[in-house]
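Visitor: I would like to learn how to read a strand and a domain boundary. Where do we begin?

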Amino acid sequence: MSLTPQRSRAGRFAALAAVASLALVGCTTTAGESTGEDAGPIAKEDIVLVASVINTTNPYFIANIEGAEALAEELDLPLEIVDSEGSSQTEISKIQAILAQGKKVVMFVNTVASSDTPTIVDAVKRAGGYVSIWWNKPDEFEPWDQGDNFVAFQKHPGIESGRCNAQAIGDALGGKGNVVMFPGVADSTTSQTRVVGFKAEMEENYPDIKILEEQPSNWDPVLANQNARDLIAKYGDEIDGVWSADDGMQLGALQAFEDAGLLEQVKFASDGLYPDTVKLMQEGYGDDAIVGETFHRGYMASAIGLYTAYLAATGEIDPSELPKEKRTSFFDIKCVTPDTLDEYAQYDEPGAPAAFVKQLIENGPWDTEPATLVGGGGPEVLD
Amino acid sequence: MTAGASIDTTENEVTAMTDQTPVLRLASISKTFGTNKAVDSVSFEIRPGEVIGLIGENGAGKSTLLKMLSGNYRPDQGVIEVNGKPQQFRGPADALRAGIGVVHQEQSLFTNLTVAENIEVNTPAGRGGVSRLGLYNWRRLNADAARALDLIGSHLNPNTHVSDLSFIDRQMVEIARAIRVSASSHTPPLVILDEPTSILERTETAILEREISKLRDIGSVIFVSHRLDEVLRICDRVLVMSNGRLIADRPSRETNEAELFRLMVGRETHAAVRNRTSVQPGTVPVIAVKNLSRQGEFSDVTFDAFPGRVVAVLGTSGSGRESLVRTIFGAEAPSAGIVTIAGDESHRPSIGHSVKKGIGYLPAERKTEGMFGEMPADENLTLTHPAGAAVGPFELPRRRRAIATEWFERLDIRPRTPERMLGDFSGGNQQKVVLAKWLNSPELSALLLDHPLRGLDPGAAETVNEQVRAICDAGTAVVLIPDTIEEALEIADDIVVMRDGRISGTYDLGHDDPTTLDLLERML
Amino acid sequence: MSATVTEASPETGAAPRARRAVIGRHAWQAIGPIVIFIAMLVVVAILTPAFIGGGGLAIIAASSAPILLLALGQSMVLNVGSIDLSNAAIALLGAILLALALGPLAAGAPIVILLVTTLFGAVNGLLVAYFQVPSFALTLGTLGIFQAASLVTSGRTTVYVSNNGQIVSTLYQSGIANVPITFWIAVVFAVLLWILMRYTRIGRGLTAIGKNESAAIFSAVRTRALKVLAFALSGFAAGIAGIVIIAQAGSASPTGLGSDLLLPAIAAALIGGTSISGGVVNPLTVIFGALTVALVPIASSAIGIPTQAQSLVYGVVIIAIVALTMSRNKSSIVK
Amino acid sequence: MAQRNQTLDRPVGIDTTAIRVREHSIERRARFRSASEPLGLLIALVILLIVFSLLNDRFLTVGNAQNILTQASIPLIVAVGATLVILLGSIDLSVEGVMGAAGMTWILLTANSRGGEGIGLWAWVIALGVALVLGLVNGLIFTALKVPSFIVTLGMWYVGLGFATILYGRDLFPRLTDPALTGWTSKLTLGLPNAFWVALLVIALGIAVVRYTRVGRVALAVGNSETIARSAGLPAFRVKVAVFAIAAVLSGLGGILATIQLDIGSPNVGSGLLFVVIPAVVIGGTNLGGGKGGILRTVLGVFLLTVLNNGLILSGVDTSWQSAVSGAILVTAIVFAAWSQRDRLGVAK
């Protein structure tokens, strides 16, 4: 800043304008304070469905959107999608922006980070909306402590997923061999619980399987691919099994092993059974390299989450009267092997999300196959 | 001023060639910016083999005229004829093709490229047009450049990077570049040297003079300079510009420095002879330098600067005198020795400490080291010594403006708009602001002046010199690195001569009376 | 050059016009960011009136707080001609350390964190000033180091504030005019910096460095100390940003809230009129730079741009705004 | 006067010899400096190789060497473009976005699991064309609108990613179906991975561009001083646009190769590459201010970082520390490089 007369005039004007517009911020915002909690049931025609996803390029999150769309169609309600672009701040800001428009929201949020949950819940509560959170929240932040607006926290159990994968690899290797692991973002509870489950299962039932190394790969296929290449260089053909915390990373790892010509000697397992993975398994890719998967679908998650919140919003359920496992809920995941693969083909057919939604509305959020309620009521712990 | 024999011969040749087509003919060239006629109906001719001097104060319109000749500006009116053909330059490339090359005031070479590339920058070879694929043919490039260098008698290796060259060698590269295009098209070149000597040392100037006389053999030269003695020595004719008009056209031998000064500035020079006295015994020096050395620059230098006296440090570019002054100021670190400032001894002077002790330094590189072009003049002026313009850590803009206004009056800095960006002032006025920056010190004890007149026109130079004298008379010690020996003899009380980093002579002009020749011998 | 300038923009006649142009340029520099922000706001208000009416501005203000703080710190560093690529990493590390320290140190924790992050910034500055290494490269290096420190101190997991969380969380939960205090803290910081830049010798020294560092050295400006100060201010601002993150989220993790603020903050500083080559800064307009950066994704979502096109829109808007607000003249060199 | 001229003539020669002698020693020193900088890098690289091979005997195997070469290839290709841009004194932050856009364009036009036979070579042409357009836009906005390259390319990063995201749509990951393409980058030809051959070609072309073409030389000139370049009538405008275009095409090529390497198309195919490429160029010693540096140095920088990353994984260093180690090496490298040039008047930006 310098102080020529011209500029000081301009500077003064800038300061004035600054003050004026900041005052504007204040004025307009005081007007928006009217909404509050305990607004009671919302008339159906006022409801706007909102589905918030981490990004729009991962098949899982795209499926989240499909589920939300199917439900919106079925219930004949408007839907807004929030793309967090991988950023907590963007996620929170965009959600707040929707709430600010005074809409009565029924919301599903696939949180970017656990720590986003309190902020989002708080904002939804203030706006009198209803929200279900999927996958990530702080352990001690439980819905029943937060009132009815935080309808439920829902997820598929990670420990179960890890165990399922471990069994697949353990059995495929005949209980003996060396495994490398590619966890997701290291501070994600989803990845952490899967790792815990995988390791526990190996320790308990496959004592001769050795875990050589973990390389967190941030849910990023590119990074998993690079890390896999380095681990191949490090361990060569010592590696017998590869576990990834999700199918995206597994796709990256698979390619690294294929390039190294090791695909046929290594067994893979991962979580999510992406349609891409289904194809590979059907093809018998790499001499049936993929030996185990867990099945769950993003559209099921978003439909369940949104529908639960919807029921609370319309007063069809009273969250405060629900048992704890219906507030913090674990939904079934299916262990998939190449043999049982065909059972799940129906869920990827065109129109599958709509079919699932119909089922969901018929059976309620906790009893719809294949994602039925299997547990919950508190943080996921090793049994 | 007796013209040398060599000049006489050349002039005879010139006279013999008068019936030839002029290399350059300007007819009523004008250029207007806004409402200001920067160049107003200028006409002149240059004949082959002629060296023309072009002088004028800053703002007289020289630069605009040159820019029209080099194709940077288009004249509003008038005709430029080169070798009898009227020309309309659309850009510098056109001017080059017509044979007009400019050597700019500030060197304009790419220091990270080779000599050859710099010379060939605008030729087909340099443009990659030599081979069919448009790739550089380095051998061809180097050969062509070597030929151009050869024409002006330089034997530089074309493959050297310019960053590794000395200043004078770089100047040679510039001249080679200026004649390069016309040399290949066999038209005699017209080389415009725009104040090439303003940063050259005395001896280097001599080399340049020799080169110019070589240029005379192959083409013509327009020589722009503020050093009137040089202009008279080098040129056949001198053109004087003032307020955009060509006001005089004099053969060199029919005029003299005083007349040229009067023509340019519009008044007589009032350089008074300085009344000199010897140092009074017992006077305490403001700056005492003892056995000061800096690796690779100078060694074992001892001298004193007394209050109220100007010490001029003379030397060639290898003498280390610039480095010496910068070391005293604290800008460079000494390897040995002591600098005592106002009784305070230091082995490692620092700028902060020197300034606290009341030392000021006027750097030779004004634009890069002396001033902030994008900062208003008043802020420049009060940056180092805010004096009354600051209370504690806070600034008082009004007081700052008042202080600046006062200095603008005292030093006659024009225009009187201290809130203007300093970069928008002319060189002389910029220099005065930089000077005022130090004068604003409440207790200025010594001023170190590194080429203070560099690039200033004679009028501006005279005001700066007057100020230096006034400061000195007020009891400040001045250490001066002058551009010329004459400058030293005119203003100094003491002279220190340096050669190869050591002191080769000291004179107290109160009782010594060295001639230019004496001083030169000590320098070389 | 000097001669050319005088001749090209001479005193008589042309001067008043030239000065008017100068005023125009500088005035635009000062108010451009504000005008742009308000213009975008008007567009959003017309397209989705409910958003503005419902307190959308407060949301933008709240979400801009960490960006603003980092942008202010960045603008201080940009002003001296350097860049600090590590400030967002320092903020995140500060947040993690604060989450760890709030339990044991209670109210002392934020102070300790501010000291630590200021120190981190100062170390950057010391290396730049005394080793004379280019700040871009240096802070790229320290960025990696701070990132690793975040991973290690957090144990690669989310660190929740165990006790005393309310000490900082009130900053987010309570507000003035419904805007969380966190934003107002950032605004106050901006005003303080503005005073520093405009009315103190330190501020002028900082700007002098950015305009011409060599000349600053020769003018006895304490360039090294001031550079360290600029980086320390950046570290300090990052520390406040860390506190703001904790205030909002109650926890911190290496990939959670605040892990992607570097580039938005630089964009905010530049949109706010800071020159990337140094010597020009106005902390007050940086406020609007940050508000604009926060507004774009929210607004593009609010006015219903398809999710998959939002990133593209964001990029285009950022370029367009800087192109509109930048001060430049015909002969200036832009790198 | 005449007398003075005579006296001048004689000693002048002597004095300039003295100057020249001094200048020659400066020249020698300068030569030594320019030679010693890459030498330092080379030594650092050798030390790393030795340390890592002591830590893990699998490090110094042919297999790992090929692995390192494969992994270095894409950063190398992109870094050649980045070096050209930095030689101008500008910066290109858009590489990841351009990689995503070109990679996604390419795979959708090539035989892939989403269907379609692909259009073969045209896919390459169109994908690189997309990159070229992004680069041209970069260059044009930068030069014509005078928006700093930092912000233009930052915006273009988002634009490229957004473009790729839109192309990606909502379908499955597109997966290569042509077996000839799958794994092509790491297949060996004459003992070296194919991707590395491409990188070698790009490096050779890059060096040729800098050394033998108008674009390269003018880019250096502009990096040295744009003011002088303009007043000398050099086509600074066109060259700047051309350099950004070249850089984008190379990023695009990197994006395509990265897509092949991953076998699936993703907008984020370039993720993390910017923070490998820029440090590599800087560690290599190319001056961020422009005009100084070169492609071979960048090659060394890329190898240093790739070897480092690979070596850390192979020696079992906790991955949390990896960014700290590369950060520390970057800091050490630049402090080391700046050490000899430290000076009271030194100005570092």
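Guide: Begin with the two faces of β3(B). B:V51, B:G53 and B:I55 point one way, B:I52, B:L54 and B:G56 the other way, and all are buried. Buried means 20 or more other C-beta atoms, placed from the backbone, within 10 Å of the residue's own; 12 or fewer is exposed, in between is partly exposed. A strand is a DSSP run of E, at least two residues; a helix is a run of H or I, at least four; both are numbered from the N terminus.

This is a predicted model: local features need pLDDT of at least 70, side-chain atom pairs count only at pLDDT 80 or more, and totals for chains, interfaces and linings use all residues. Residues are numbered from 1 along each chain as its sequence is written, with chains lettered from A and ligands numbered from 1 in the order written.

Visitor: Which strands pair with β3(B)?

Guide: Pairing requires at least two DSSP bridges between two strands. β8 (residues 220–224) of chain B pairs with β3(B) in the parallel sense, over 4 bridges. There, B:L54 stands opposite B:V224. β9 (residues 237–242) of chain B also runs parallel to β3(B), joined by 5 bridges. B:G53 stands opposite B:V238 in β9(B).

Visitor: How many residues are in contact between domains 1 and 2 of chain A?

Guide: Contact means C-beta atoms, placed from the backbone, within 7 Å. 17 residues of domain 1 of chain A are in contact with 22 residues of domain 2 of chain A. On the domain 1 side, β12(A) gives the largest share, 3 residues.

Methods:
Contact = placed C-beta atoms within 7 Å.
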